[in-house]
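The following exercises concern the fold, the surface and the core of one protein. Each task is followed by a worked solution.

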Amino acid sequence: VQLQASGGGLVEAGDSMRLSCTASVPILSNWHMGWFRQAPGQEREIVAQITWREGKTYYAESVKGRFTISRDVVREMVNLQMNGLKPEDTAVYYCAGGLLLTTSDLDYDTWGQGTLVTVSS
């Protein structure tokens, strides 16, 4: 499986942005998909996660109420809608997939290439 992320760019604080991640082959029903981010000088952290079969979601506290993760099982795509963006959301965002339902990036075994999101103040 290859994951292709898209949708990054430069926005102003308070703006919205949508990231998308498309899989090259059908995503397994027992997979879990996540969005992670890594800001300069910081460790990679989970942003949101969704189970492919049930669509159950998890959000980091820092993005709850602002970000929404969703899946499109027909198009084999997972999206991250980001509203109310803040400068501290600036990071490279990665989509990832794996079998373990975990918030640790170490347990995800398939990664997209990353897309840069920059939020100006």
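A residue counts as buried when its relative accessible area is under 20%. The model examined here is predicted.

**Exercise 1.** Determine what share of the residues is buried, and describe the accessible surface.

*Solution.* Applying the cut-off to the 121 residues of the protein, one finds that 45% are buried. The protein exposes about 6,200 Å². Carbon and sulfur atoms supply 49% of that area.

**Exercise 2.** State how many helices and strands the protein has, and assess its compactness.

*Solution.* The secondary structure comprises 11 strands and zero helices. The radius of gyration is 13 Å, close to the 14 Å given by the globule rule for 121 residues, so the protein is as compact as a globular protein of that length. Along the principal axes, the C-alpha atoms fill a box of roughly 40 × 25 × 25 Å. Of the contacts between residues at least 6 apart in sequence, 56% join residues at least 24 apart.

**Exercise 3.** Identify which residues of the largest nonpolar core touch the most other members, and which strand gives the most to this core.

*Solution.* The largest nonpolar core has 30 residues, of which Trp35, Leu80, Met82 and Tyr93 touch the most other members. Strands that each supply at least two residues of this core include S1 (3-6), S4 (32-38), S8 (77-82) and S11 (115-120). Strand S3 gives the most, with four residues. Finally, consider Met82: leaving aside neighbours within four places in sequence, its contacts include Leu19, Phe67, Tyr93 and Val117.

**Exercise 4.** Compare the charged side chains by sign.

*Solution.* There are 10 positive and 13 negative side chains. The centres of the two sets lie 6 Å apart.

Conventions:
Residues numbered from 1 in each chain as written. Predicted model: local features only at pLDDT ≥ 70, side-chain atom pairs only at ≥ 80, totals over all residues. Heavy atoms only, no water. Rg over C-alpha atoms; globule rule 2.2 N^0.38 Å. Buried < 20%, exposed > 50% of the residue type's maximum accessible area, 1.4 Å probe, protein only. Contact = heavy atoms within 4.5 Å. Areas by Shrake-Rupley, 256 points an atom, 1.4 Å probe, with all protein chains shown as cover. Lys, Arg positive; Asp, Glu negative; His and termini not counted. Charge placed at Lys NZ, Arg CZ, Asp CG, Glu CD. Core = buried A, V, L, I, M, F, W, Y, C linked by side-chain atoms within 4.5 Å.
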